[in-house]
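Q: Please take a close look at a single part of this structure, namely the coordination of metal, and then set that part in its surroundings. A connected account, suited to work at the bench, would be most helpful.

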Amino acid sequence: RADLAMYQAKAAGRNTLRFFDPEMQQAVTARAELEAALRRGLQQQQFVLYYQPQVDADGHITGAEALLRWQRPEHGLVGPVSFIPLAEESGLIVPLGEWALYTACRQLAEWARNPATARLQLAVNVSARQFHQAGFVEMVRNALLYSGAPAHRLKLELTESLLLQDVDDTVRKMNTLKQDGVCFSLDDFGTGYSSLSYIKRLPLDQLKIDQSFVRDIDSNSNDVSIIRTIVALADSMQLQVIAEGVETTTQRDFLLQQHCHAFQGYLFGRPMPIADFLSRLQTA
Ligand code: C2E
Ligand code: MG
Ligand code: MG
Ligand code: MG
């Protein structure tokens, strides 16, 4: 069979690469199609930000996390899990992430002009490839400058794996933006492998407890002790702590008992279009 494949590949011409495994061929085609659709989607402005409320101990909204959605023709609303990995691999995350940041900053600038919304913070996810680009700091500064958004209302969510990829680059970039007033949250905290001595060197403002620990609070005593440990750690490092993926009042009450005072999750609101988020603010 290999001989036959070789023969067919040769017959197809010297510089042609052919796959004779139909499944592999299909996967390659699907990937190429998705990448082309992503590229087109960016040009045709098919992306939109959804806003998920972040609340304090009393349930008052203190801000939001901006989450990407793709309004893909004939596919409906597509979540980031299905396109971020490919966007990362292909490098499209750079223009896509830039779009998300500019859009978020324009929203922040608008909030800043109204006393009722001026104190809201907006968290934006940053992926590793985007952060480690040479022009990342400049890009964030430009987004703030051109939109007029107040830097201290912008919170960048970074992951542990991002921080570990190039430690010197990370520390330098974070310190520069921190001096401008930008805040930093460590997303999905507890799932990575960062050493505490390293984390201490970073100008972080917040640890975000990963939703996998919150999910099993009722049943898994390991997760309960992990949460206790993260909250204690945050306290000792004078960082804020927020729990993500809070879905039940049991989970919220346990977190409150553990002195975690900031929450995000379906219990307080799903990610929603900006208009819905704004009307939620008025009724809250
Ligand atoms: P993340 O930053 O950890 O965001 C939290 C995810 O948990 C979101 O999924 C959110 O919808 C979901 N979630 C929130 N509350 C609950 C809850 O109570 N229960 C459950 N089961 N899930 C909840 P989403 O929107 O699908 O985003 C997935 C991931 O995609 C994000 O994880 C983030 O890593 C990435 N992402 C989203 N937007 C962007 C972006 O603009 N840039 C980059 N680089 N990544 C993004
Ligand atoms: Mg996040
Ligand atoms: Mg997270
Ligand atoms: Mg997560």
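A: The account below begins with the metal ions and then moves outward to the pockets, the nonpolar core and some backbone details.

The model is predicted: local features need pLDDT of at least 70 and side-chain atom pairs count only at pLDDT 80 or more, while totals for chains, interfaces and linings use all residues. Residues are numbered from 1 along each chain as its sequence is written, chains are lettered from A and ligands numbered from 1 in the order in which they are written, and side-chain values use heavy atoms, with hydrogens and water left out.

The magnesium ion (ligand 2) is held by E65 (OE), N125 (OD1), E157 (OE) and D187 (OD) at distances of 2.0 to 2.2 Å. Donors here are N, O and S atoms within 2.8 Å of the metal (3.2 Å for Na, K and Ca), and water is not among the atoms, so sites may look incomplete. Along the chain, the donors of the magnesium ion (ligand 2) follow the spacing E-x59-N-x31-E-x29-D. E65 belongs to strand β2 (residues 61–72) and D187 to strand β6 (residues 183–189), so this pair ties together parts 122 residues apart in sequence. Helices (H or I, at least four residues) and strands (E, at least two) are DSSP runs, numbered from the N terminus. E65 and D187 are both buried, a term for under 20% relative accessible area, with exposed over 50% and partly exposed in between (1.4 Å probe, protein chains only).

The magnesium ion (ligand 3) is coordinated by D187 (OD), D188 (OD) and, listed twice, E244 (OE), at 2.1 to 2.4 Å. Its donor residues show the sequence spacing D-D-x55-E. D187 coordinates both ions, and the magnesium ion (ligand 3) and the magnesium ion (ligand 2) are 3.9 Å apart. Strand β6 holds D188, and the loop between β8 and α12 holds E244, so the pair ties together parts 56 residues apart in sequence. D188 counts as partly exposed because its relative accessibility is 25%, whereas E244, at 8%, counts as buried.

The metal donors also appear in the description of the largest pocket, which has a volume of about 1,000 Å³. It is lined by 37 residues, and E65, L67, P80, N125 and D187 are the closest to its centre. On a 1 Å grid over the protein atoms alone, a pocket is an open set of points with protein on both sides within 12 Å along at least five of seven lines, a cavity is a set where a 1.4 Å probe fits but cannot get out, and lining residues have an atom within 4 Å of a point. Grid points are joined across faces, edges and corners, and a volume is the space filled by probe spheres set on the points. Strand β2 supplies the largest share of this lining, five residues. By class, the lining comprises 17 nonpolar, 10 polar and 10 charged residues; Ala, Val, Leu, Ile, Met, Phe, Trp, Tyr, Cys and Pro count as nonpolar, Asp, Glu, Lys and Arg as charged, and the others, Gly among them, as polar.

Strand β2 also contributes to the second largest pocket, since β1 (47–55), β2, α4 (93–112), β8 (240–243) and α13 (274–283) each supply at least two of its lining residues. The volume of the second largest pocket is about 760 Å³. Of its 34 lining residues, I61, T62, G63, R119 and L120 lie nearest its centre. The lining of the second largest pocket divides into 13 nonpolar, 14 polar and seven charged residues.

The metal donor E244 leads on to the interior through I209. Leaving aside neighbours within four places in sequence, I209 is in contact (heavy atoms within 4.5 Å) with E244, and its other contacts include F189, V214, V241 and L255. The largest nonpolar core, a set of buried Ala, Val, Leu, Ile, Met, Phe, Trp, Tyr and Cys residues joined through side-chain atoms within 4.5 Å, has 78 residues, and L154, L156, I209 and L255 make the most contacts inside it. Helix α4 gives the most to this core, with nine residues.

One backbone detail returns to the metal site. Most residues other than glycine have a negative phi. D188, although not a glycine, has a positive phi of about 55 degrees.
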